[in-house]
Amino acid sequence: MAKGGEFMKRFDATSLRRTILDMAYSGATVHIGCAFSIVEILAVLYRNHLRFDPADLESMTRDYMVLSKGHGVMAQYACLRELGVLSADDIGQYFGDGTRLKGLADVHVPGVEATTGSLGHGLSVAAGLALAARLRQSKQRAFALVGDGELNEGSIWEAVMFAAQFKLDNIVILVDENGFQAMGTTDEVMSLGSIQRKFEAFDCEVLSVDGHDELALDEALTRLLGNADGRPKVLVAKTVKGKGVSFMENDNAWHYTRLKSDTYAAALAELGGEKV
Amino acid sequence: MRNAFSDALMAAAKSDPRVLLLTGDHGYALFDAFRRECPAQYINCGIAEQNMVGVAAGLARGGFFPVVYGLAAFVPVRVMEQIKIDICYENLPVVLIGDGAGFVYSHLGNSHQSMEDIACARSLPALQVLSPGDRYEMSACMELAFRLRQPVYLRMGKSDRGDVHGGPVRLESGEMLCVRKATAGRALLATGSMLRTAIELIDEGLDAEIWSVPSIKPLNLETLQSIAQRHHSVFVLEEHSVLGGLGSCVSEVFASIPGAARVHRIGVEDRFSTYCGTYDYLLREHGLDGASIAQRIADPDMRKA
């Protein structure tokens with residue numbers, strides 16, 4: 001457990017969720033549930049797997065983190081705040097007039113690799129980044145975090161075919177399988193059946209884990225990254241939309257609902273226990 | 001003209017290994033030499049244009065200079081949003097080639113004909129739009145496109161209509177090339193395949209100044225102002241819709257020039273092709289053959305029934 005304690009020190013999930021909550025409240029924004037579901041995935045990536053220098057985010061040796069589900073961007077902002085890339089003002093003045101952080105991932109923000117939010121774009125860009133690394137004989141990897149709703153987009157499957165065809169085993173596709181998309185559950189709207197089997201059918205190596213179990217995520221990523229067999233890597237993370245705040249969990253209203261003073265206070269109380 | 005394109009592409013790829021050719025499974029025969037001589041720089045992305053443009057963006061961000069090749073109906077039109085968000089917003093050095101623009105695929109029907117690509121492309125910030133009219137302009141456009149290191153759309157239309165220039169030309173962004181001088185009166189501004197048509201009209205006795213417009217965006221405003229003020233009528237010729245193409249560009253600029261010439265947009269009216277037929281047949285169907293254009297210039301206010 002000593003290892004576990006050390007492991008959890010940086011990018012504490014509760015602390016990240018609190019940053020998201022603060023941003024969402026100060027900016028009166030939506031997409032809270034969408035950000036909460038990917039907190040542990042990003043925490044594990046930033047803490048243990050992404051190789052980059054926060055002081056040199058454009059380095060040609062960095063790993064790429066492409067948030068293809070750009071509407072979860074507050075979770076990435078929270079990580080970038082943790083790294084010191086974003087300031088307290090960036091968080092506190094979220095959505096203020098003339099500020100730089102938008103409600104969807106934007107390439108002009110330091111640490112953000114692609115402009116997404118229009119779904120189905122990021123994975124192709126990540127495939128291009130992975131191919132560029134391959135052509136330069138660089139050891140860089142490209143991580144792309146996609147939503148399960150985003151898998152409706154045909155371009156996602158174009159990108160998966162491409163990654164398999166070009167044997168991009170330096171790309172890792174992380175699927176946030178929270179079971180919801182904008183207007184309902186994924187099964188109600190556009191059922192994909194088994195996401196794992198879909199990606200396997202496209203010749204990817206796929207593992208599925210609990211997307212809120214950081215040790216499981218870490219182990220799965222280590223395993224996938226260690227197997228350079230030519231197959232693109234996919235980690236299906238089964239998650240809970242709105243994870244971390246009881247009244248938001250699995251309530252799709254928190255795709256769209258804005259915090260008010262009472263819901264903010266109630267959510268903060270649930271996230272306040274481990275305040276650093 | 002197609003040889004000029006593939007020669008320029010090959011020369012660029014040979015001189016810089018960062019130049020990559022991406023194709024959406026198009027370019028049969030056109031890329032034979034490229035595939036033979038630069039195999040590592042040839043990437044067939046399959047019939048998946050959206051992904052191809054996103055991949056190009058990633059490659060550019062990763063240090064490469066991708067050239068994305070497709071038919072104009074698909075690149076840029078089918079993938080406008082990827083071009084806008086993945087490439088233009090980041091101002092990435094990607095050259096997009098739209099081949100077969102206009103009525104080139106006359107027998108295949110409207111899916112493969114492209115009358116709206118200029119209108120689409122020129123609305124995107126950061127994207128320069130080039131449209132060469134002969135092989136010398138093609139070479140100059142390719143040279144410029146690689147020199148710019150920013151997003152470029154290069155429109156390649158009917159390519160076998162013959163030369164206009166007597167030898168190599170050099171092109172800067174926005175530059176218009178005067179091909180036939182006239183003192184005053186009428187000017188013809190033509191782009192792509194219509195440049196050759198304009199020259200043929202002169203050869204048949206029409207008295208007009210002729211400007212080639214290989215750079216549709218940006219446009220050189222000083223040159224346009226001079227044209228607007230020296231002539232009473234300017235005819236814009238393009239194998240593209242009159243909505244949003246070069247004719248629209250010129251009209252927009254002239255609208256704010258005091259005493260500017262009248263602009264007559266000669267292009268494809270706002271409709272699809274009705275029938276199948278040769279390229280020349282379709283030009284006639286749309287009133288873009290030499291005789292129809294001559295008639296229109298002689299009587300600018302006449303409208304086709």
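**Exercise 1. Find how many aromatic pairs a search of the whole structure gives over all chains, then work out what kind of pair Tyr77(A) and Tyr94(A) form.**

*Solution.* A search through the whole structure turns up twelve aromatic pairs over all chains. Here, rings of Phe, Tyr and Trp (its six-membered ring) pair if their centres lie within 6.5 Å; planes under 30 degrees apart are stacked, over 60 edge-to-face, and the rest tilted. For Tyr77(A) and Tyr94(A), the ring centres are 5.8 Å apart and the planes stand at 75 degrees, so this pair is edge-to-face.

Next, place the two residues. The pair links distant parts of the chain, 17 residues apart: Tyr77(A) sits in helix 5 (residues 73-82) of chain A, and Tyr94(A) in the loop between helix 6 (88-92) and helix 7 (122-135) of chain A. Helices (H or I, at least four residues) and strands (E, at least two) are DSSP runs, numbered from the N terminus. Both tyrosines are buried. Buried means under 20% relative accessible area, exposed over 50%, and partly exposed in between (1.4 Å probe, protein chains only).

Ring pairs also join Phe11(A), Tyr46(A) and Phe52(A) into a cluster.

A word on the ground rules: this is a predicted model, where local features need pLDDT of at least 70 and side-chain atom pairs count only at pLDDT 80 or more, while totals for chains, interfaces and linings use all residues. Residues are numbered from 1 along each chain as its sequence is written, chains are lettered from A and ligands numbered from 1 in the order in which they are written, and side-chain values use heavy atoms, with hydrogens and water left out.

**Exercise 2. Describe the overall build of chain A, starting from its helices and strands.**

*Solution.* Start with the count: chain A has twelve helices and seven strands. Its radius of gyration is 18 Å, close to the 19 Å that the globule rule gives for 276 residues, so chain A is as compact as a globular protein of that length. The radius is taken over C-alpha atoms, and the rule is 2.2 Å times the number of residues to the power 0.38. Along its principal axes, the C-alpha trace of chain A spans about 50 × 45 × 45 Å.

Now look at the packing. Of the 276 residues in chain A, 58% are buried. Take the contacts (heavy atoms within 4.5 Å) between residues at least 6 apart in the sequence of chain A: 76% join residues at least 24 apart.

**Exercise 3. Do the same for chain B, starting from its helices and strands.**

*Solution.* Chain B has eleven helices and twelve strands. With a radius of gyration of 19 Å, close to the 19 Å that the globule rule gives for 305 residues, chain B is as compact as a globular protein of that length, so the rule fits here. The C-alpha trace of chain B spans about 55 × 40 × 35 Å along its principal axes. Buried residues make up 61% of the 305 in chain B.

**Exercise 4. Work out which residues of helix 4 of chain B are buried and what they pack against.**

*Solution.* Helix 4 (residues 80-88) of chain B is mostly covered, with seven of its nine residues buried. These are Met80(B), Gln82(B), Ile83(B), Ile85(B), Asp86(B), Ile87(B) and Cys88(B). They pack against helix 7 of chain A, together with helix 3 (49-61), strand 4 (95-99) and helix 5 (117-122) of chain B.

**Exercise 5. Locate the cis peptide bond at Pro76(B) and the one at Pro218(B).**

*Solution.* Keep the background in mind: most residues other than glycine have a negative phi, and most peptide bonds are trans. The bond from Val75(B) to Pro76(B) is cis, with omega near 20 degrees. Pro76(B) lies in the loop between strand 3 (65-71) and helix 4 of chain B. Lys217(B) and Pro218(B) are also joined by a cis bond, with omega about 0 degrees. Pro218(B) lies in the loop between strand 10 (215-217) and helix 8 (221-230) of chain B.

**Exercise 6. Decide whether Asp203(A) is buried or exposed, and find its phi.**

*Solution.* Phi of Asp203(A) is near 65 degrees, a positive value in a residue other than glycine. Asp203(A) is in the loop between helix 10 (195-201) and strand 6 (205-210) of chain A. With 52% relative accessibility, Asp203(A) counts as exposed.
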